[in-house]
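Open the model in your viewer and switch to a cartoon view. Keep a selection box ready. We will go from stop to stop.

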Amino acid sequence: MATIDLAQVGKNLVKSAETGESIELRSLWQDKPVVLFFLRRFGCQVCRWMASEISKLEPDLQASGIALVGIGPEEVGLKEFIEGGFFKGSIYVDEPKKCYKDLCFKRYTALSVVPAALGKKVRDVAAQASAEGIKGNFSGDLLQSGGMLIVDKGGEKVLLHFIQDSPGDHVPLEDIAKAVGVSAKVTAGQKPVCNDDVCTR
């Protein structure tokens with residue numbers, strides 16, 4: 001796990017998708033623990049699948065006084081993401097990608113994207129996610145990766161810091177529940193297979 005300066009990350013501004021207001025990231029954990037899910041893109045098919053998976057925990061998190069927040073690196077695809085109902089928590093945007101950088105979420109290169117966009121594994125992901133009624137698009141920044149940050153109330157400590165190694169990587173629901181100390185009553189769906197280089201869907 002990469003070492004992060006929570007105080008520094010907490011000063012970064014993120015914009016509310018609901019109100020358009022910019023707030024400091026640390027305000028999200030000031031009064032309660034928070035699960036922060038950083039998406040690669042709002043239009044990413046696998047990201048949408050992950051968002052719907054994590055959302056299965058929302059009732060248990062809310063009952064335990066834990067916030068669920070999704071953060072995207074740009075506004076491209078945000079409206080469609082919200083209208084699709086893929087995520088049950090609050091949604092914010094980190095357009096300068098400062099949080100992404102401070103949390104060590106890597107960026108891919110144009111060279112690593114091209115073979116992935118044309119590969120069989122990407123088509124397999126599309127078929128798998130489509131079977132669950134989840135579609136994606138190629139709009140926006142295809143090079144950014146994401147991850148997760150779970151912070152205790154008041155920023156006392158980082159409960160989990162997860163960095164995607166490949167675009168298909170995600171934190172299992174049971175690991176999220178364990179990190180925040182809740183008993184989840186959900187069943188994880190089957191993870192779509194994703195290309196090792198990048199998922200462009």
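This tour goes from the whole chain to the sheet, then to the cores, one helix and a few backbone details.

**Whole chain**

Start with everything selected. The model is predicted. Colour by secondary structure: the chain holds eight helices and seven strands. Now colour by burial. Of the 201 residues, 49% count as buried. Show the surface next. The chain exposes about 9400 Å², and carbon and sulfur atoms supply 51% of that area. Contacts reach far along the sequence: of those between residues at least 6 apart, 75% join residues at least 24 apart.

**The sheet**

Select the strands. They form an open sheet of seven strands with mixed pairing, in the order S2-S1-S5-S4-S3-S6-S7. Find the two edges: strand S2 (22–24) and strand S7 (158–163) each pair on one side only. Look along the sheet to see its twist. Neighbouring strands are turned by 30° against each other on average, direction ignored.

Begin at the S2 edge. Select 13–16 for strand S1, which pairs with S2 in the antiparallel sense over three bridges. Lys-15 has Ser-22 of S2 as its bridge partner. Five residues lie between S1 and S2, and the two strands form a hairpin. Click Gly-20 in the turn: its phi is positive, about 80°.

What does S1 do with S5? S1 and S5 pair in the antiparallel sense over two bridges. Stay on Lys-15 and look towards S5, where Lys-15 stands opposite Val-93.

Now move to residues 34–38 and 147–151. These are strands S3 and S6, which run antiparallel and are joined by five bridges. Select Leu-36 in the pair, and its bridge partner in S6 is Leu-149.

Add residues 45–54, helix H2. This helix packs on the sheet, touching S3, strand S4 (67–72) and S6. The direction of H2 makes about 165° with that of S3.

**The cores**

Show side chains. The largest nonpolar core has 31 residues. Pick out Val-35, Phe-37, Leu-61, Phe-81, Phe-87, Met-148 and Ile-176, the members that touch the most others in this core. Its contributors of at least two residues each include S3, H2, helix H4 (78–83), strand S5 (90–93), S6 and helix H8 (173–180). Which element gives the most to this core? H2 does, with six residues.

Zoom in on Phe-81. Beyond its neighbours within four places in sequence, Phe-81 is in contact with Leu-39, Phe-42, Arg-48, Ala-51, Phe-86, Phe-87 and Ile-91.

There is also a second, separate core of 21 residues. Select Ile-4, Leu-28, Ile-71 and Val-151, which are among its members.

Go back to helix H2 and select Ile-54, which lies in it. Is Ile-54 buried or exposed? Ile-54 counts as buried because its relative accessibility is 5%, and the cut-off for buried is under 20%. Leaving out residues up to four places away in sequence, Ile-54 touches Phe-37, Leu-68, Phe-87, Met-148, Leu-173 and Ile-176. Try a distance too: the C-alpha atoms of Ile-54 and Gly-89 are 9.3 Å apart, with the two positions 35 residues apart in sequence numbering.

**Helix H8**

Select 173–180 and look down the axis. Leu-173, Ile-176, Ala-177 and Val-180 are buried in H8. These four sit on the same side of H8, because they cover an arc of only 95° around the axis. An α-helix has 3.6 residues a turn, so residues three or four places apart point the same way.

Turn to the face away from the buried side. Glu-174 and Lys-178 are the exposed residues there. Turn back and look at what covers the buried residues of H8: the cover includes S3, H2, helix H3 (58–63), S6 and S7. Just after H8, click Gly-181, where phi is positive at about 75°.

**Two last loops**

Select Lys-97, in the loop between S5 and helix H5 (98–102). Lys-97 is not a glycine, yet its phi is positive, near 60°.

Finish at Cys-104, in the loop between H5 and helix H6 (110–118). Cys-104 also has a positive phi, about 65°, without being a glycine. How much of Cys-104 is accessible? Its relative accessible area is 37%, so Cys-104 is partly exposed.

How values were computed. Residues numbered from 1 in each chain as written. Predicted model: local features only at pLDDT ≥ 70, side-chain atom pairs only at ≥ 80, totals over all residues. Heavy atoms only, no water. Pairing = 2+ DSSP bridges. Axes fitted to C-alpha atoms, helices over the stretch in contact; angles between N-to-C directions. Contact = heavy atoms within 4.5 Å. Core = buried A, V, L, I, M, F, W, Y, C linked by side-chain atoms within 4.5 Å. Buried < 20%, exposed > 50% of the residue type's maximum accessible area, 1.4 Å probe, protein only. Areas by Shrake-Rupley, 256 points an atom, 1.4 Å probe, with all protein chains shown as cover. Arc of directions from axis to C-beta.
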